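Let's take a walk through this protein together. Have the sequence and the 3D view at hand, and follow along one region at a time.

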Amino acid sequence: MCVLTPGFRNSNLIIPPAVSEFIKNETEIFENNYKEWLKKYPLKFVLIKDTNIIDFYDSLESAFKVGAENFGLDDFFIKQILPDDTINISFYGKNYFIAA
């Protein structure tokens, strides 16, 4: 399973308990490094596997490709490094699902 989390840090997104438990360590790693990463890697996507920070990528597609090539169907975590005041809007599917 790959978890692609929202691009913003402090969202009101409700995450199912099973997924929440999976991303607990990865989220902690992200939060602990966020300020430093925001200075060094703004707008990049970080790829984390278990407790290992794999690398930073310019696009979600690049991060996902590396994750899929190296970990296959195993779990990995991707999140974009954005400023706190960023609004993330995503469009999905035929009729669009909007999340802000």
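First, a word you'll need: pLDDT is the predictor's confidence in each residue, on a scale from 0 to 100. You'll want it here, since what you're looking at is a predicted model. The protein averages a pLDDT of 77, and 64% of the residues score at least 70. Among its elements, strand E3 has the highest mean, at 97, while strand E1 (residues 2-4) has the lowest, at 48.

Two stretches call for some care. Over residues 6-10 the pLDDT stays under 50, and the model has 16 contacts beyond four places in sequence for them. Residues 92-100 also stay under 50, with 13 such contacts in the model. Where pLDDT is low, the predicted coordinates should not be read in detail.

Now turn to E3, the strand with that highest mean pLDDT. E3 covers residues 52-57 and runs antiparallel to strand E2 (residues 45-49), with five bridges joining them. Lys49 in E2 stands opposite Asn52 in E3. The hairpin has two residues between the strands, and Asp50 takes a positive phi near 60° there.

Next, the aromatic rings. A pair of aromatic rings is described by the distance of the centres and the angle of the planes. Counting rings whose centres lie within 6.5 Å, you get six aromatic pairs. One of them is Phe30 with Tyr34, a tilted pair with 5.9 Å from centre to centre and 40° between the planes. Why are these two about one helical turn apart? Because they sit four residues apart in helix H2, which spans residues 24-40. Both Phe30 and Tyr34 are buried.

Another tilted pair is formed by Phe71 and Phe76, with centres 6.1 Å apart and planes at 45°. Buried means under 20% relative accessible area, so Phe71 counts as buried with its 19%. Phe76 is buried too, at 2%.

Phe30 and Tyr34 also belong to a wider group: ring pairs link them with Trp37, Tyr41 and Phe56 into a cluster.

Finally, look for charges over the rings. Which residue lies over the face of Phe30? That's Lys79, at 4.8 Å from the ring centre. Phe71 has a partner of this kind as well: the charged end of Lys49 sits over its ring, 5.5 Å from the centre. You've met Lys49 already, as the residue opposite Asn52.

Definitions and conventions
Residues are numbered from 1 along each chain as its sequence is written. This is a predicted model: local features need pLDDT of at least 70, side-chain atom pairs count only at pLDDT 80 or more; totals for chains, interfaces and linings use all residues. Side-chain values use heavy atoms; hydrogens and water are left out. Rings of Phe, Tyr and Trp (its six-membered ring) pair if their centres lie within 6.5 Å; planes under 30 degrees apart count as stacked, over 60 as edge-to-face and the rest as tilted. Buried means under 20% relative accessible area, exposed over 50%, partly exposed in between (1.4 Å probe, protein chains only). A charge sits over a ring if NZ of Lys or CZ of Arg is within 6 Å of the ring centre and within 35 degrees of the ring normal. Two strands pair if DSSP finds at least two bridges between them. Contact means heavy atoms within 4.5 Å.
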